[in-house]
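Let us walk through this structure together, one step at a time. Please keep the sequence and the 3D view open while you read.

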Amino acid sequence: MAKPIIGIPAERRLVGDSYRHTVNQGEVAAIIKAGGIPVLIPTREPALASHYSHLIDGLLLPGGPDVAPRFFGEEPLPEMAEADDRLDATEMALIKQAFAAGKPMLGICRGAQIVNIALGGDIYQDLATQMGHPIYQHQQKAPLDQGSHYVDISESSMLANLFHGQRHVLVNSCHHQAVRKLAPQLKLTAKAGDGVAEAVESKDGRLILAVQWHPELMYKEDAAEYAIFEDFIKRVKEA
Ligand SMILES: [Mn+2]
């Protein structure tokens, strides 16, 4: 495989008075730098997901709005923020198809949550009200290209390899939701000191790496954060 095709589901955003299909520049730039070809996947017609699945070699699940709780069998709490169930349904279909086809995935922030939901897990709709104890500031007020809280990385994980055995790592944080019940195919490989899930990986050690933080905003300064993208492209090429 020369340069693998990496699908990135697009968020619908109102820009001025028209709706636009958007992906984040940070992810696009990181994928290109790591040797992949990013392609934007529109998310208005979930039934078309299978057509896009055939076109891609790997799937990047980016940050974005909250996931609609009906996808994990709950009603919305007052603390829920914006959600878009066409984005959710499209991404869930893409994830299931990529999983079935053995196409590697990289999840970022919301991406870590929706990959877990798509494979049968669930999330906290709102950490501050649902964790049952005080938590860190996970919606950091510091600039997002700077780390703000530490995560503890599990031994024998993809992340531990990428961080060269460094097990206590400073990351950025921009979320009020996080993984709760793990999907059966996933394991938790990083968490913050307050117990919030910060990374999940597939048990096969190859197909899925998903982090709750934003490496696409840190990779220029931090070699280990860039290694997350390099490793993703390598996993895709070897799949
Ligand atoms: Mn966090």
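Seven helices and 13 strands make up the secondary structure of the chain. What you see is a predicted model, so please read every value below as computed from it. The C-alpha trace spans about 45 × 40 × 40 Å along its principal axes. For 239 residues, a compact globule would have a radius of gyration near 18 Å, and the chain, with 16 Å, agrees with that. Of these 239 residues, 53% are buried. Contacts also reach far along the chain: among those between residues at least 6 apart in sequence, 69% join residues at least 24 apart.

Now look for the sheet. Nine strands build it, and if you step across them you meet the order β4-β1-β5-β6-β13-β12-β11-β8-β9. The sheet is open and its pairing is mixed. At its edges sit β4 (37–41) and β9 (168–171), each of which pairs on one side only. From one strand to its neighbour, the direction turns by 25° on average, direction ignored. What holds such strands side by side? Strands of a sheet pair through backbone hydrogen bonds, in a parallel or an antiparallel way.

Both kinds of pairing can be found here. Strand β6 (residues 105–108) runs parallel to strand β13 (residues 208–211), and four bridges join the two. To find this pair on your screen, look for Met105, which stands opposite Ile208 in β13. Helix α7 (residues 223–238) packs on the sheet, where it touches β1, β5, β6, β9 and β13. The direction of α7 makes about 150° with that of β6. Helix α1 (residues 25–33) lies across β1 (5–9), β4, β5 (58–61) and β6, and runs at about 145° to β4.

For an antiparallel pair, move to the edge strand β9. Four bridges join β9 to strand β8 (residues 149–153), and the two run antiparallel. Here Val151 has Val169 in β9 as its bridge partner. Which side chains of β9 are buried, and which are not? Val169 and Val171 point to one face and are buried, while His168 and Leu170 point to the other face and are not.

Next comes the manganese ion. Which residues coordinate the manganese ion? They are His138 (ND1), His149 (NE2), Ser173 (OG), His175 (NE2) and Glu198 (OE), at 2.2 to 2.3 Å. In sequence, these donor residues follow the spacing H-x10-H-x23-S-x1-H-x22-E. Take two of them: His175 lies in the loop between β9 and β10 (178–179), and Glu198 lies in strand β12 (residues 197–202), so this pair ties together parts that are 23 residues apart in sequence. His175 and Glu198 are both buried.

Charged side chains make further links, and the structure holds 11 salt bridges. In one of them, Arg86 and Glu45 meet at 3.9 Å, N to O. Because Arg86 is in helix α3 (residues 85–101) and Glu45 is in the loop between β4 and α2 (49–55), the pair ties together parts that are 41 residues apart in sequence. Arg86 counts as partly exposed at 41% relative accessibility, and Glu45 counts as partly exposed at 47%.

Another salt bridge brings the side chains of Glu74 and Arg180 to 2.5 Å, N to O. This pair links distant parts of the chain, 106 residues apart: Glu74 is in the loop between β5 and α3, and Arg180 is in the loop between β10 and β11 (186–192). Glu74 counts as partly exposed at 23% relative accessibility. Arg180 is also partly exposed, with a relative accessible area of 30%.

Back in helix α7, Glu238 forms a salt bridge with Lys234, their closest N and O atoms being 3.9 Å apart. Glu238 and Lys234 are four residues apart in the helix, so about one helical turn separates them. Glu238 counts as exposed at 58% relative accessibility, whereas Lys234, with a relative accessible area of 48%, is partly exposed. Finally, salt bridges that share partners join Glu74, Asp122 and Arg180 into one network.

Note on methods. Residues numbered from 1 in each chain as written. Predicted model: local features only at pLDDT ≥ 70, side-chain atom pairs only at ≥ 80, totals over all residues. Heavy atoms only, no water. Pairing = 2+ DSSP bridges. Axes fitted to C-alpha atoms, helices over the stretch in contact; angles between N-to-C directions. Contact = heavy atoms within 4.5 Å. Donors = N, O, S within 2.8 Å, 3.2 Å for Na, K, Ca; no water. Buried < 20%, exposed > 50% of the residue type's maximum accessible area, 1.4 Å probe, protein only. Salt bridge = Lys/Arg side-chain N within 4 Å of Asp/Glu carboxyl O. Rg over C-alpha atoms; globule rule 2.2 N^0.38 Å.
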